[in-house]
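Open the model in your viewer and keep the sequence panel beside it. This tour tells you what to select next and what is there.

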Amino acid sequence: MAKQNNGTKTAKVFIVESPVKNFCGINAGGVHFAYGKAEVNEGWVLNWYRKHGYKVTPKTDKSDKGDENTETSDNGENE
């Protein structure tokens with residue numbers, strides 16, 4: 001039996017931007033685009049998008065965070 005790697009390897013995730021602004025739908029490799037952007041793991045699909053002129057950037061912690069103002073605050077009106 002092959003030896004399993006117990007080390008933790010995190011998949012690299014990239015943001016792919018469509019040449020069509022605000023494109024929403026499914027594209028090559030079953031990748032789901034919303035508002036012209038999609039998240040793609042490294043591999044053949046990512047290489048396909050690179051070869052076909054899509055903008056590809058590594059996903060960072062900053063691009064992963066949502067709007068910080070989306071949390072509801074308790075201002076005492078509901079009490």
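The stops below run from the whole chain to the sheet, then to a helix and its aromatic rings.

**Whole chain**

Start with everything shown as a cartoon. This is a predicted model. Look for two helices and five strands in the protein chain. Trace the chain along its sequence and the pattern reads β-β-β-β-α-β-α. Now colour by burial. Of the 79 residues in the protein chain, 18% are buried. Turn on contacts between residues at least 6 apart in sequence: 44% of these join residues at least 24 apart.

**The sheet**

Select S1, S4 and S5. These three strands make an open sheet, ordered S4-S1-S5, with antiparallel pairing. Strand S4 (37–41) and strand S5 (55–58) are the edges, and each pairs on one side only. From one strand to the next, the twist averages 30°.

Centre on strand S1, residues 13–17. Go to the S4 side. Five bridges pair S1 with S4 in the antiparallel sense. Pick Ile15: its bridge partner in S4 is Glu39. Pick Glu17 next: Lys37 is its bridge partner in S4.

Now cross to the S5 side. S1 and S5 run antiparallel and are joined by four bridges. Val16 has Val56 as its bridge partner in S5. Phe14 stands opposite Pro58 in S5.

**Side chains of S4**

Show side chains along S4. In a regular strand, side chains alternate between the two faces of the sheet. S4 shows that alternation. Which residues of S4 point to one face and are buried? They are Ala38 and Val40. Lys37, Glu39 and Asn41 point to the other face and are not buried.

**Pro58**

Stay with the sheet and select Pro58, which lies in strand S5. Is Pro58 buried or exposed? Its relative accessibility is 55%, so it counts as exposed. Set aside its neighbours within four places in sequence, and Pro58 is in contact with Val13 and Phe14. Add Val40 to the selection. Pro58 and Val40 are 18 residues apart along the chain, and their C-alpha atoms are separated by 9.6 Å.

Keep Phe14 on screen and add Arg50. The charged end of Arg50 sits over the ring of Phe14, 5.3 Å from the ring's centre.

**Helix H1**

Select helix H1, residues 44–51. H1 packs on the sheet and touches S1, S4 and S5. Its direction makes about 30° with that of S1.

Show the H1 side chains. Val45, Leu46 and Tyr49 are buried. Look down the axis of H1: its buried residues fall within an arc of 100°, so they line one face of the helix. An α-helix has 3.6 residues a turn, so residues three or four places apart point the same way.

What covers the buried residues of H1? The cover includes S1, strand S3 (32–33), S4 and S5. Rotate to the other side of H1, where Trp44 and Lys51 are exposed. Then step past the end of the helix. H1 is followed by Gly53, which has a positive phi, near 85°.

**Aromatic rings**

Hide the cartoon and show the Phe, Tyr and Trp rings. Across the whole structure there are six aromatic pairs. Begin with Trp48 and Tyr49, an edge-to-face pair. Their ring centres are 5.0 Å apart, with 85° between the planes.

Check the accessibility of each partner. Trp48 is at 30% relative accessibility, so it counts as partly exposed. Tyr49 is at 0%, so it counts as buried.

Move on to Tyr49 and Tyr54. Their ring centres lie 4.7 Å apart and their planes are at 85°, so this pair is edge-to-face. Tyr54 has 14% relative accessibility; why does it count as buried? Buried means under 20% relative accessible area, so Tyr54 at 14% counts as buried.

Finish by widening the selection. Ring pairs link Phe23, Phe33, Trp48, Tyr49 and Tyr54 into a cluster.

Methods:
Residues are numbered from 1 along each chain as its sequence is written. This is a predicted model: local features need pLDDT of at least 70, side-chain atom pairs count only at pLDDT 80 or more; totals for chains, interfaces and linings use all residues. Side-chain values use heavy atoms; hydrogens and water are left out. Two strands pair if DSSP finds at least two bridges between them. Axes are lines fitted to C-alpha atoms, for helices over the stretch in contact, and angles run from 0 to 180 degrees between N-to-C directions. Contact means heavy atoms within 4.5 Å. Rings of Phe, Tyr and Trp (its six-membered ring) pair if their centres lie within 6.5 Å; planes under 30 degrees apart count as stacked, over 60 as edge-to-face and the rest as tilted. Buried means under 20% relative accessible area, exposed over 50%, partly exposed in between (1.4 Å probe, protein chains only). A charge sits over a ring if NZ of Lys or CZ of Arg is within 6 Å of the ring centre and within 35 degrees of the ring normal. The arc is that of the directions from the helix axis to the C-beta atoms.
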